[in-house]
Amino acid sequence: MGLLIDSSALVDFAANRTRLPANLPSGEEFYLSIITADELLRSVAWSAGKDRSRRLAFVEAVLDRFPILPIDRATMRMHAEIVSGLERKKQKLGLHQSWIAATCLAHGLQLLSTSVEDFAGIHGLQLWEPENPEA
């Protein structure tokens with residue numbers, strides 16, 4: 001099936017605050033959304049000094065490692081369905097979260113995120129939450 005990695009999970013992995021779930025199916029492919037790539041690059045743009053160099057190295061390594069999925073026609077259609085469905089139910093979802101969810105659903109992927117509560121209420125979206133290594 002494959003997993004889309006959210007920026008929250010990547011940041012927590014880098015800081016050793018989380019690890020992959022032990023029960024994650026083996027052999028899964030990992031992907032990034034173009035939205036996640038943008039969030040990571042903006043974090044570099046906002047940083048300064050040694051922190052900027054460290055962040056840039058991390059972000060470039062991530063961008064080199066994982067395929068980046070664009071916003072294609074299937075993703076746009078899914079985004080419209082998600083947002084209009086939530087609006088009918090008077091539910092709100094952040095713009096970035098809605099595009100990430102749409103990318104997952106359009107490509108048949110599951111989402112790996114440390115912010116699973118941000119994606120609650122999206123029909124059909126399968127979520128994985130990384131584990132806390134101290135738990």
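A residue counts as exposed when its relative accessible area is over 50%, as buried when that area is under 20%, and as partly exposed in between. The exercises below apply to a predicted model.

**Exercise 1.** Classify Arg 54, Arg 55 and Asp 51 by accessibility, and state how their side chains are linked.

*Solution.*
1. Arg 54 has a relative accessible area of 53% and is therefore exposed.
2. Arg 55, at 31%, is partly exposed, and Asp 51, at 27%, is also partly exposed.
3. The side chains of Asp 51 and Arg 54 form a salt bridge with an N to O distance of 2.3 Å; these two residues are three apart in helix H3, so about one helical turn separates them.
4. Asp 51 also forms a salt bridge with Arg 55, at 3.0 Å from N to O; here the spacing in H3 is four residues, again about one helical turn.
5. Asp 51, Arg 54 and Arg 55 are thus linked in a network of salt bridges.

**Exercise 2.** Determine which helix gives the most to the lining of the largest pocket, and how the lining residues divide by character.

*Solution.*
1. The pocket has a volume of about 270 Å³.
2. Helices H1 (7-14), H2 (34-46) and H3 (49-65) each give two or more residues to its lining.
3. H3 gives the most, with four residues. The lining includes Arg 54 and Arg 55.
4. The lining residues divide into six nonpolar, two polar and four charged.

**Exercise 3.** Decide whether Ser 113 is buried or exposed, and identify what its side chain reaches.

*Solution.*
1. Ser 113 lies in the loop between strands S4 (110-112) and S5 (127-128).
2. Its relative accessible area is 0%, so Ser 113 is buried.
3. The side chain of Ser 113 reaches the backbone nitrogen of Ser 115 at 2.9 Å.

Notes:
Residues numbered from 1 in each chain as written. Predicted model: local features only at pLDDT ≥ 70, side-chain atom pairs only at ≥ 80, totals over all residues. Heavy atoms only, no water. 1 Å grid on protein atoms, 1.4 Å probe; cavity = no way out; pocket = protein on both sides within 12 Å on 5 of 7 lines; lining within 4 Å. Points joined across faces, edges and corners; volume = space filled by probe spheres on them. Nonpolar A, V, L, I, M, F, W, Y, C, P; charged D, E, K, R; others polar. Buried < 20%, exposed > 50% of the residue type's maximum accessible area, 1.4 Å probe, protein only. Polar contact = N/O pair within 3.5 Å; in protein donor to acceptor, adjacent residues only side chain to side chain. Salt bridge = Lys/Arg side-chain N within 4 Å of Asp/Glu carboxyl O.
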